[in-house]
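The exercises below are meant to be worked with the sequence and the coordinates open side by side. Try each task before reading its solution.

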Amino acid sequence: MKVLIVFISIIIFASAVSADRLVRVRDITAGAVQQLLADGYDVANVDIRLGYADLMIPEREIDQLSLRFADYELLPREWGELLPVNAKNAGEYYSPEENWLFWCELAASYTDLVDTPVTIGQSYQSRDIYMIKMTSPVGSGYKPPIYFSSLIHAREPGGNSVLIDFAMWLTSNYDEGDTRAAWILDNTTVYFVPVANPDGYEYNMPGSGMQRKNMNWTDGNGVDLNRNWGYMWNYDDTGSSGNPYDETYRGTEAFSEPETQIQRDFITAIQPIAAMNYHTYGGWLIYPWGYINSPTPDQSTFEAWGAAMTSYNDYVPGRAGQLLYPVNGEQCDWCYGGNDMQGIFAFTPEVDDNGFWGSQNDPSEIERICDECRPMNIWLCMTAPGFVGIEEDEGVSIEPILSLSAVYPNPVVSSAVFTLTAPGSTGVKVTVYDTSGRVVYNVSEEFLSGDNTVIWNITDDVAAGVYILRATDSNGFAASRRFTVLKQAGI
Ligand SMILES: [Zn+2]
């Protein structure tokens with residue numbers, strides 16, 4: 001009898017942990033994806049170019065799939081769930097507990113570079129959401145903040161592995177004299193929020209691993225935290241859902257959830273200039289707008305940066321509406337256009353992991369995704385600080401009466417080259433300031449009505465650091481660019 005009870009309980013346990021399967025359906029068009037979302041399917045990944053979509057399907061519905069889809073295949077079970085052997089420790093990914101230990105140990109090992117994790121608020125179920133600040137003691141004054149987050153969707157641990165890898169790379173390479181790591185930590189402040197949805201992530205450990213949303217089950221089975229941000233929240237029903245049981249449920253109002261409030265307040269406090277909000281999976285690098293398939297006023301910059309970053313890994317850059325489907329109430333839209341700060345150059349990398357949990361038993365696959373994403377992180381940290389170019393939001397048109405090109409090269413080692421265009425302007429002055437507002441250099445030239453190329457040879461008395469180039473005219477028009485001076489070659 002005892003044996004029988006054990007046997008029955010094993011069967012129950014086994015069926016409880018295998019509730020969903022990832023299924024790849026083919027011959028899918030963009031219109032078909034919209035219909036799948038409207039029908040309440042949990043769409044895990046889409047590739048419009050290759051014409052497929054991956055859906056999370058409850059096990060009990062799998063034998064009915066052929067009624068709707070002519071061509072489909074079941075993806076490996078571990079892509080969609082934590083196997084029982086890994087259910088408590090996330091396998092080769094970092095569990096909630098392993099995350100906490102990792103960040104604490106990193107801070108203890110690199111006391112000069114890494115601050116001890118600091119709690120920035122508590123989740124719906126009162127778990128700590130914490131951040132880690134990383135910078136070197138070199139350099140004083142303003143060191144532009146850059147923001148990294150992962151696991152706002154609790155079933156996407158591959159993004160978290162990428163953050164951990166980048167933190168390890170920065171610290172160990174700083175100590176070994178790598179000029180890129182040194183430049184980043186000497187010139188910027190890097191912030192990590194590695195577990196943005198701690199309740200959902202904890203729930204996934206002994207569960208089946210498929211909770212995407214938070215654990216506020218008041219109305220349904222959680223709120224999609226990446227549809228709960230306060231810019232264009234609830235714009236329409238194709239990019240988020242009002243049904244509390246849908247995987248893209250947006251919540252009762254913008255920022256209804258403590259987890260999104262906490263990130264919003266922290267981002268507002270540190271005012272990052274750029275952000276990488278990591279998700280899995282797909283192999284995309286997504287930038288705003290998310291809520292519509294239209295370019296932002298900074299499309300040319302997003303496009304150029306997206307192309308540069310994905311040159312290292314062949315991910316595909318673009319807007320959500322171009323690559324997957326439009327999404328509203330999403331984090332990067334708010335970072336770029338939804339706050340009172342200067343817009344943040346915010347990206348959503350969708351790591352090319354094997355489904356959600358597919359690398360749980362394969363450290364070489366986790367190494368692969370980290371190797372693929374690390375150059376994007378390095379590139380962004382080295383490029384964003386030298387750039388000021390965010391224009392005003394839509395509706396505010398700025399006449400290009402006075403404009404400055406980006407400074408080239410950037411970082412500058414010996415000579416800064418830029419172009420001033422000032423048709424019709426009179427009394428034009430161009431000045432270089434340091435970040436505390438002191439004048440470092442006055443450009444004394446006659447500016448003509450066309451393009452004026454200016455070369456500033458950096459003298460020895462100019463220290464390495466961040467500088468602001470500013471042009472003004474007698475009508476009060478102004479343009480500015482931020483750039484960095486670097487005294488060491490070899491970057
Ligand atoms: Zn996600």
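**Exercise 1. Find which residues of the largest nonpolar core touch the most other members, and which helix gives the most to this core.**

Step 1. In this predicted model, the largest nonpolar core holds 126 residues, and those that touch the most other members are Leu55, Leu170, Val190 and Phe192.

Step 2. The element that gives the most to this core is H13, with 9 residues.

Step 3. Taking Val190 as an example, and setting aside its neighbours within four places in sequence, one finds it in contact with Met134, Thr135, Ile146, Phe148, Leu170, Ile184 and Cys381.

**Exercise 2. Describe how helix H7 and helix H13 are placed relative to each other, and which residues meet.**

Step 1. Two packed helices are described by the angle between their axes and by the distance between those axes.

Step 2. For H7 (residues 179–187) and H13 (residues 363–383), the axes come within 9 Å and cross at roughly 50°.

Step 3. An angle of this kind is neither under 35 degrees nor in the range 65 to 115, and H7 and H13 are therefore oblique to each other.

Step 4. The crossing of H7 and H13 is left-handed.

Step 5. On the H7 side the residues are Arg180, Trp183 and Ile184, and they meet Ile378, Cys381 and Met382 of H13; by class, the residues of this contact are 5 nonpolar, no polar and 1 charged.

**Exercise 3. Carry out the corresponding description for helix H10 and H13.**

Step 1. H10 (residues 299–310) packs against H13 at an angle of about 140°, and the two axes are 9 Å apart.

Step 2. Since only angles over 145 degrees count as roughly antiparallel, H10 is oblique to H13.

Step 3. The crossing in which H10 passes H13 is right-handed.

Step 4. H10 contributes Trp305, Ala308 and Met309 to the contact, while H13 contributes Met376, Trp379, Leu380 and Thr383; sorted by class, the contact has 6 nonpolar residues, 1 polar residue and no charged ones.

**Exercise 4. Decide whether Ser109 counts as buried or exposed.**

Step 1. Ser109 lies in helix H5, which covers residues 96–109.

Step 2. A residue with 12 or fewer other C-beta atoms within 10 Å of its own is exposed, and Ser109, having 12 C-beta neighbours inside 10 Å, therefore counts as exposed.

Step 3. As a further check on the surroundings of Ser109, its C-alpha atom is separated by 9.2 Å from that of Thr171, a residue 62 residues apart from Ser109 along the chain.

Key. Residues are numbered from 1 along each chain as its sequence is written. This is a predicted model: local features need pLDDT of at least 70, side-chain atom pairs count only at pLDDT 80 or more; totals for chains, interfaces and linings use all residues. Axes are lines fitted to C-alpha atoms, for helices over the stretch in contact, and angles run from 0 to 180 degrees between N-to-C directions. Helices (H or I, at least four residues) and strands (E, at least two) are DSSP runs, numbered from the N terminus. A crossing is left-handed if the near helix is turned anticlockwise from the far one by less than a right angle, and right-handed if clockwise. Two residues are in contact if their C-beta atoms, placed from the backbone, lie within 7 Å. Ala, Val, Leu, Ile, Met, Phe, Trp, Tyr, Cys and Pro count as nonpolar, Asp, Glu, Lys and Arg as charged, and the others, Gly among them, as polar. A residue is buried if 20 or more other C-beta atoms lie within 10 Å of its own, exposed if 12 or fewer, and partly exposed in between; C-beta atoms are placed from the backbone. A nonpolar core is a set of buried Ala, Val, Leu, Ile, Met, Phe, Trp, Tyr and Cys residues joined through C-beta atoms within 7 Å.
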